[in-house]
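Colleague: I'd like to learn how to read a model like this one. Could you take me through it feature by feature?

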Amino acid sequence: MLDISTLLYGGATFVLAAVISCYTVLVFLSPPLVIASDNDRRYRCRTNPDKPVSLPSIHDPAEVDLTVVIPAYNETERMPTMLKATVDHLNSDKFSPRSYELLIVDDGSKDGTSGLALDFAKENSGIEVRVVTLEKNQGKGGAVKHGMLHGRGRRLLMVDADGASRFEDLELLWKAMDEFVPNEDDSAIAIGSRAHLVKTEAVVKRSVVRNILMYGLHTILRIVGVGHIRDTQCGFKLFSRRAAQLIFPYQHLRTWIFDVEILLLAKQLRIPVAEVPIEWHEVSGSKLNVVIDSLQMLRDLLILRANLLFGRWRAPPPAARP
Ligand SMILES: Nc1nc2c(ncn2[C@@H]2O[C@H](COP(=O)(O)OP(=O)(O)O)[C@@H](O)[C@H]2O)c(=O)[nH]1
Ligand SMILES: *[C@@H]1O[C@H](CO)[C@@H](O)[C@H](O)[C@H]1NC(C)=O
Ligand SMILES: [Mg+2]
């Protein structure tokens, strides 16, 4: 006969079994923390174009004021213009007397992106350009993480290779960070935001599908826990060295939605994030595949949320570190 305790017992067993199955599926689906191969942890540059040498670590002391991390996948078409605008600004009075390096992370391109980057390095002998060529394509998140873990900057900027953001706006992020980081060892993040452009031409001109997906994404992001950030996806973000040390070693996602994981880790570690309105124009030739990449983003957001729920993906607090 069915009595209340049998029901309770049955219910509890069912819930437990469900949780255990979810957890198992999650472990199975979750990407592991990638340890870069020895080959990937090398770079080439103007003075050393043939035989790659070892990259430094984010845990080493800073050697320049800024590292510009440029993830690049099949970017021979779009990158030259972007590189020109970048060094124009970095060599101008608006940026000097700060020092900098460019760290171009070729994400396993098939079109000679590394060669183009090295030619650029040779033509611009006054600039420190390092080129890392990943053996296998990892996705934007993997390329950005790799660059961040091997830069020498006191601050590190990630910027898309397509030149969609106006590079001069780095100064806006820099100023916002100065307000956060009076002490050089503090952690802080300043991210470009396109939220103020939502009602303007730049966004209206984007395809209807992309805009619908954008609104859908915002709703999901609120559920995932980054509702406090108005534009999570902007490819223009500045990190203090301390923030990069605390966050990037613990980034799991290598796909498009990695920005959300970065911002959630920042939230967990109580690292302040400034949102700074910047200029943006859509550059054609995006390699984002609307259907496939949206489904992949949704999958990764679920994986991210579940890993946070189970407490699997966390960054240890600064105090608990060696
Ligand atoms: N599509 C794609 N872009 C990558 C990858 N790895 C790095 N990236 C870089 O990520 C940045 C953003 O790419 P883009 O195609 O402009 O995307 P969108 O601006 O979001 O439409 C560019 O600098 C790409 O070169 C990858 O595996 N696929
Ligand atoms: C990158 O270039 C290769 C070779 O041209 C091509 O096969 C591949 O589809 C390209 N990938 C993307 C995402 O454009
Ligand atoms: Mg783009």
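Modeller: Let's go through the ligands, a pocket, an annotated stretch and some backbone details. Keep in mind that this is a predicted model, where local features need pLDDT of at least 70, side-chain atom pairs count only at pLDDT 80 or more, and totals for chains, interfaces and linings use all residues. Residues are numbered from 1 along each chain as its sequence is written, chains are lettered from A and ligands numbered from 1 in the order written, and side-chain values use heavy atoms, with hydrogens and water left out.

Colleague: Which residues are closest to ligand 1?

Modeller: A residue counts as near if one of its heavy atoms lies within 4 Å of the molecule. Here 16 residues surround ligand 1, and the closest are Pro71, Glu75, Asp107, Ala161 and Ser286. By class the shell has 5 nonpolar, 3 polar and 8 charged residues; Ala, Val, Leu, Ile, Met, Phe, Trp, Tyr, Cys and Pro count as nonpolar, Asp, Glu, Lys and Arg as charged, and the others, Gly among them, as polar.

Colleague: And what lies 2.6 Å from an oxygen atom of ligand 1?

Modeller: For ligands, look for polar contacts, pairs of N or O atoms within 3.5 Å. An N or O atom in the side chain of glutamate 75 sits 2.6 Å from a ligand 1 oxygen, a polar side-chain atom of arginine 78 is 3.2 Å from an oxygen of that ligand, and lysine 287 offers a backbone N or O atom at 2.9 Å from a ligand 1 oxygen. The protein covers 92% of the 560 Å² of accessible area that ligand 1 has on its own (Shrake-Rupley method, 1.4 Å probe).

Colleague: Which residues surround ligand 2?

Modeller: Tyr73, Asn74, Lys110 and Lys287 do. A polar side-chain atom of asparagine 74 lies 2.3 Å from a ligand 2 oxygen, and a side-chain N or O atom of tyrosine 73 is 3.4 Å from a ligand 2 nitrogen. The protein covers 41% of ligand 2's own 360 Å² of accessible area.

Colleague: What does UniProt list for residues 12–36?

Modeller: An unreviewed UniProt entry lists them as "transmembrane region"; such annotations may be inferred rather than shown by experiment. In the model, that stretch is 72% helix and 0% strand, with its end C-alpha atoms 43 Å apart.

Colleague: How do I read backbone oddities?

Modeller: Most residues other than glycine have a negative phi, and most peptide bonds are trans. Asparagine 74, not a glycine, has a positive phi of about 50° and is found in the loop between β3 (64–72) and α2. The bond from serine 96 to proline 97 is cis, with omega near 10°, and proline 97 is in the loop between α2 (79–90) and β4 (100–106). Helices (H or I, at least four residues) and strands (E, at least two) are DSSP runs, numbered from the N terminus.

Note on methods: A polar contact is a pair of N or O atoms within 3.5 Å; within protein, one must be able to donate a hydrogen and the other to accept it, and residues adjacent in sequence count only if both atoms are side-chain atoms.
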